[in-house]
Amino acid sequence: MNVHISLCQPLIDPSYADSVRQQILSTYLGPGPTTQEFASYLASYTASRYSLLTVSGTVALSVASYALGLRPGDEILIPAYGVISTINAFTSFGLKPKLVDIDLQTGCMSPTELKKRISSKTRAVCFVDFSGYTGSNLVEISQFCQDNNLPLIEDAACALGHHFNGKSAGTFGTIGTFSFSVPKIVTTGQGGALVTKSKKYFKNAQNFIDNGDSNWRKTNTVRGIGNNLRFNDILASFGLVQLKDIKQRISLKSNVYKILRRSLSSKIFKVADNTPPLHNIVFTHKPNALIEYLKKNGIEAIRQYRTLSQHPIYTHLADTEFPNADFWTKYTVYLPFGLSLTENDAHYLVDVLTHSPIALDSVFEP
Ligand SMILES: Cc1ncc(COP(=O)(O)O)c(C=O)c1O
């Protein structure tokens with residue numbers, strides 16, 4: 001059998017390489033006009049006032065927390081299930097995360113659980129648009145944060161292209177962040193961005209990623225602490241050409257996802273809007289057996305993410321139970337989802353899954 005469908009193969013149109021080539025030949029290599037153009041395009045695409053590019057989605061989250069004035073020891077509420085990057089972005093800056101269980105259907109922070117976990121020590125909330133999920137939980141949590149005067153960081157790393165009630169992902173909170181790592185709809189290999197309506201937070205972030213004072217080259221004076229976490233024009237040229245092409249990229253993903261959804265129905269994860277989720281996630285009580293079966297059929301699949309307090313470094317965060325996060329940890333399998341997945345691949349995947357001796361479950365029936 002020579003079928004091999006890898007987990008996440010990006011799709012790179014040859015014209016993207018032309019843009020990068022032209023950028024290199026222009027000799028603008030560092031943070032310059034193309035970085036600015038990419039940021040402006042992103043601001044306009046997401047209907048945000050300000051946008052700032054940085055080196056990764058993880059750094060975008062750290063910088064967002066710093067820009068908001070969060071400092072070591074401050075408590076931030078984050079979802080109990082998901083990628084390690086979100087929590088690490090905050091703990092590496094000295095913040096104290098507290099976990100909030102997720103909603104079973106959405107994979108996102110549950111508003112009910114958030115209300116139980118909030119305390120007088122809470123200084124901020126980070127909502128993750130899980131696999132691109134925006135939806136009513138996000139709207140409710142955004143309102144709750146406003147009512148309680150708490151800044152909300154929306155981790156929209158996986159959600160570029162998603163909208164809910166006409167609003168772009170990344171714009172529901174005080175600051176939103178994106179990632180341009182390889183699996184994302186727009187990838188620069190590594191990269192990230194933040195978006196915000198607030199001039200103050202934008203300026204704080206801009207200064208921080210430029211050694212503490214974005215004017216220091218002109219004034220020879222630095223007023224704040226910072227680092228060099230700026231983006232560069234070579235990667236910006238690569239990202240910009242994809243962002244301009246995002247409709248087409250989403251439509252390729254939609255065509256594949258529609259095939260999966262038509263056959264697998266509620267057994268494959270769906271998000272709130274009509275844009276497909278970033279990942280193709282199924283649920284089964286025998287994830288390892290399913291992965292083995294898929295592997296025998298040339299399909300790469302993995303168990304990804306876990307309840308964050310299960311990581312040895314974060315066991316102290318298990319101060320309560322997180323049954324829904326544990327459910328997702330135990331029963332999810334992540335199927336191939338890269339943008340180069342073809343409709344033929346999707347039909348093959350459906351065929352293999354339909355003949356699977358390992359039953360798929362529905363997320364709605366734990
Ligand atoms: C939800 C979420 N947040 C943050 C990140 C971190 O982004 P990056 O890999 O660009 O640092 C990721 C990356 O996959 C992510 O999925």
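**Exercise 1. The two sides of strand 13**

Task: In this predicted model, work out which residues of strand 13 (residues 332-335) point one way and which point the other way, and state whether they are buried or exposed.

Solution: Begin with the general pattern, which is that side chains in a regular strand alternate between the two faces of the sheet. Next, apply this idea to the strand itself, where T332 and Y334 point one way while V333 and L335 point the other way. Finally, consider accessibility: the cut-off for buried is a relative accessible area under 20%, and T332, V333, Y334 and L335 are all buried.

**Exercise 2. The partner of strand 13**

Task: Determine in which sense strand 11 (residues 280-283) and strand 13 pair, and over how many bridges; then find which residue of strand 13 stands opposite I281.

Solution: Looking at the two strands together, one finds that strand 11 pairs with strand 13 in the antiparallel sense, and that the pairing runs over four bridges. Within this pairing, the residue of strand 13 that stands opposite I281 is Y334.

**Exercise 3. A salt bridge within one helix**

Task: Find where K116 and E113 lie, and decide how far each of them is exposed.

Solution: First, place the residues: both K116 and E113 belong to helix 5 (residues 111-117), where they are three residues apart, or about one turn of the helix. Second, look at their side chains, which meet in a salt bridge with an N to O distance of 2.9 Å; in general, side chains of opposite charge can pair when their charged atoms come close. Third, compare the accessibilities with the cut-offs: K116 has a relative accessible area of 57% and is therefore exposed, whereas E113, at 21%, is partly exposed.

**Exercise 4. Salt bridges around helix 8**

Task: Describe the salt bridge of D210 with R217 and that of D213 with R223, and explain which parts the second pair ties together.

Solution: Start with D210 and R217, whose closest N and O atoms are 2.8 Å apart in their salt bridge. Of these two, D210 is buried at a relative accessible area of 7%, while R217 is partly exposed at 44%. Now turn to D213 and R223, whose side chains meet in a salt bridge at 3.5 Å, N to O. Because D213 lies in the loop between helix 7 (199-208) and helix 8 (216-219), and R223 in the loop between helix 8 and helix 9 (233-244), this pair ties together parts that are ten residues apart in sequence. D213 counts as buried at 6% relative accessibility, and R223 counts as exposed at 69%. As a last step, note that salt bridges with shared partners join D210, R217 and R230 into one network, and that the count of salt bridges comes to seven.

Note on methods:
Residues are numbered from 1 along each chain as its sequence is written. This is a predicted model: local features need pLDDT of at least 70, side-chain atom pairs count only at pLDDT 80 or more; totals for chains, interfaces and linings use all residues. Side-chain values use heavy atoms; hydrogens and water are left out. Buried means under 20% relative accessible area, exposed over 50%, partly exposed in between (1.4 Å probe, protein chains only). Two strands pair if DSSP finds at least two bridges between them. A salt bridge is a side-chain nitrogen of Lys or Arg within 4 Å of a carboxyl oxygen of Asp or Glu.
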